[in-house]
Amino acid sequence: MKRIAISYITGLILLSALIYHKSFREIYDIPKQFTLLLSNIVYHTLLFLHIPVEKKGLFLEQAHSILEIKDACNALILVILYIAAILAFPGSWKRKLLWSTGGVVIVESVNLFRIVFLSFVIEKWPERFEF
């Protein structure tokens, strides 16, 4: 159990450094690219569901609201936590790759559903979001 905990913490540190460290972000900004990809997927999903939307960068403009997809919306931290946990447990690399890929797809699918659902609710009941 101690080895798994140490492996998990080490994995968290390494994955976080690889994704969020300034020197790596200067080469390729993974969080920004991940967020752009998510905003494009959300945009096309809303269009597919016949929800009128216009995309301007990371902003999705609807009739009653403007939704901004930020780095905090992309679930990348959850993906890091999940992959670090998968890598920490013993098993073959093939199984780790399979579970990591499947888990990332599930996490991002739930995140996509969350954002699309909020967009739908804001469009249908805008008065619920007036603070």
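This report describes the overall build of one protein and then turns to a single residue within it.

The structure is a predicted model, and in it the protein has five helices and three strands. Followed along the sequence, these elements come in the order α-α-α-β-β-β-α-α. The protein is more spread out than a compact globule, because its radius of gyration is 18 Å, well over the 14 Å that the globule rule gives for 131 residues. Along the principal axes, the C-alpha atoms fill a box of roughly 50 × 30 × 30 Å.

The table gathers values that describe the protein as a whole.

| Property of the protein | Value |
|---|---|
| Share of the 131 residues that count as buried | 31% |
| Share of contacts between residues at least 6 apart in sequence that join residues at least 24 apart | 58% |
| Exposed area | about 9,000 Å² |
| Share of the exposed area supplied by carbon and sulfur atoms | 72% |

As for charge, the protein carries 14 positive and 10 negative charges, and the mean positions of these two groups are 15 Å apart.

Among the individual residues, S119 can be placed within this picture, since it lies in helix α5, which covers residues 93-124. S119 has a relative accessibility of 0% and therefore counts as buried, the cut-off for that term being under 20%. When neighbours within four places in sequence are left aside, the residues in contact with S119 are L46, Q62 and L67.

How values were computed
Residues numbered from 1 in each chain as written. Predicted model: local features only at pLDDT ≥ 70, side-chain atom pairs only at ≥ 80, totals over all residues. Heavy atoms only, no water. Helix = DSSP H or I, 4+ residues; strand = E, 2+ residues; numbered from the N terminus. Rg over C-alpha atoms; globule rule 2.2 N^0.38 Å. Buried < 20%, exposed > 50% of the residue type's maximum accessible area, 1.4 Å probe, protein only. Contact = heavy atoms within 4.5 Å. Areas by Shrake-Rupley, 256 points an atom, 1.4 Å probe, with all protein chains shown as cover. Lys, Arg positive; Asp, Glu negative; His and termini not counted. Charge placed at Lys NZ, Arg CZ, Asp CG, Glu CD.
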